[in-house]
Amino acid sequence: MRTLSSQSPLEEPVRVLLVEDDEPLRRLLAEQLEQRGYAVQSVADGRAAIAAVGDDPFDIMILDRMLPFVDGVDVLRWLREQEVMTPVILLTALGRLPERIEGLEAGADDYLVKPFEIDELHARIRALLRRRQASTADSATISAGDVTVSLSRHRVTRAGQPVEMHKTEIKLLAELVREAGTVLTRPLLLERVWGYDFVPTTNIVDAYIRRLRQRLELPGLPDPIVTVRGVGYMFRA
């Protein structure tokens with residue numbers, strides 16, 4: 001992971017894979033990102049994106065949703081199935097909530113609706129990389145009660161037994177475990193886990209909490225997640 005300075009340009013070039021089928025936009029974005037100090041490799045379709053990732057790791061990927069050959073969401077799913085955890089910003093003209101949820105569920109770390117300003121994209125890249133560096137600097141393993149979350153290996157155990165979970169479930173569980181004993185509100189969880197700065201019409205937090213409870217359920221052990229009515233959720237310390 002490259003290091004970000006507090007000022008622009010960046011101290012070391014952050015390697016960006018830009019996947020965009022609109023040639024004028026692709027060239028413009030690549031040029032403007034390079035002017036800000038990024039090392040950019042650009043490709044025009046989903047198959048080329050998968051091939052590029054296989055050749056060399058990148059620090060971040062900027063991925064158009066609608067691509068030839070392999071759709072951007074399918075590229076995302078392939079990346080996460082291969083345990084490629086490169087941060088991904090999904091670009092799209094589809095800004096409706098169902099499309100946002102689908103992209104985030106597929107593994108996107110952030111979502112940017114076209115048209116957008118290059119300064120906003122630059123700010124989102126830096127925010128994602130700072131978040132990645134902060135999580136790397138944190139302990140790779142966090143625990144509360146009999147639950148342990150290994151962030152670096154994307155593994156969860158309860159009472160020593162492995163628990164299978166998807167990426168978003170692990171992110172949500174990690175937030176709860178990290179602040180065990182503290183009530184976390186739904187808006188706060190939406191912002192930290194899904195990147196939403198608004199409250200969606202769906203009950204996505206509640207649905208994921210139900211999934212966590214099902215996955216963590218073991219005979220004879222209490223539910224480790226406490227519901228605080230009207231507020232949010234708390235993990236037992």
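Helices α7 and α8 sit roughly perpendicular to each other in this predicted model. The angle between α7 (residues 186-194) and α8 is about 80°, and their axes are 10 Å apart. An angle from 65 to 115 degrees counts as roughly perpendicular, so this pair fits that label. Who does the touching? On the α7 side the contact uses R186, L189, L190 and W194, and on the α8 side I204, V205, D206 and Y208. Sort those residues by class and you get six nonpolar, no polar and two charged.

Helix α8 has another partner, too. Helix α6 (residues 167-178) packs against α8 (residues 204-216) at about 85°, with 10 Å between the axes. That puts α6 roughly perpendicular to α8. From α6, the residues in the contact are T168, E169, L172, L173 and L176; from α8 they are Y208, I209, R211, L212, R215 and L216. By class, this contact has seven nonpolar, one polar and three charged residues. Y208 of α8 turns up here, and Y208 is also listed in the contact with α7.

Here are the two pairings side by side:

| Helix pair | Angle | Axis distance |
|---|---|---|
| α6 and α8 | about 85° | 10 Å |
| α7 and α8 | about 80° | 10 Å |

Now for helix α1, back at residues 23-35. How far apart should the ends of its 13 residues be, at 1.5 Å a residue? The expected span is 18 Å, and the end C-alpha atoms are indeed 18 Å apart, so the two values agree.

Which residues of α1 are buried? They are R26, L29, A30 and L33. Looking down the axis of α1, you'd find these buried residues within an arc of 100°, so they line one face of the helix. Turn to the face pointing away from that buried side and you meet the exposed residues P24, R27 and Q35. Just past the end of α1 comes G37, which takes a positive phi of about 100°.

Stepping back to the whole protein, the secondary structure adds up to eight helices and 12 strands. The protein has 237 residues, and 44% of them are buried. Then there's the question of how far along the chain contacting residues lie. Taking the contacts with a separation of 6 or more, 61% are between residues 24 or more positions apart.

Conventions
Residues are numbered from 1 along each chain as its sequence is written. This is a predicted model: local features need pLDDT of at least 70, side-chain atom pairs count only at pLDDT 80 or more; totals for chains, interfaces and linings use all residues. Side-chain values use heavy atoms; hydrogens and water are left out. Axes are lines fitted to C-alpha atoms, for helices over the stretch in contact, and angles run from 0 to 180 degrees between N-to-C directions. Helices (H or I, at least four residues) and strands (E, at least two) are DSSP runs, numbered from the N terminus. Angles under 35 degrees count as roughly parallel, over 145 as roughly antiparallel, 65 to 115 as roughly perpendicular and the rest as oblique. Contact means heavy atoms within 4.5 Å. Ala, Val, Leu, Ile, Met, Phe, Trp, Tyr, Cys and Pro count as nonpolar, Asp, Glu, Lys and Arg as charged, and the others, Gly among them, as polar. The expected span of a helix is 1.5 Å times one less than its number of residues. Buried means under 20% relative accessible area, exposed over 50%, partly exposed in between (1.4 Å probe, protein chains only). The arc is that of the directions from the helix axis to the C-beta atoms.
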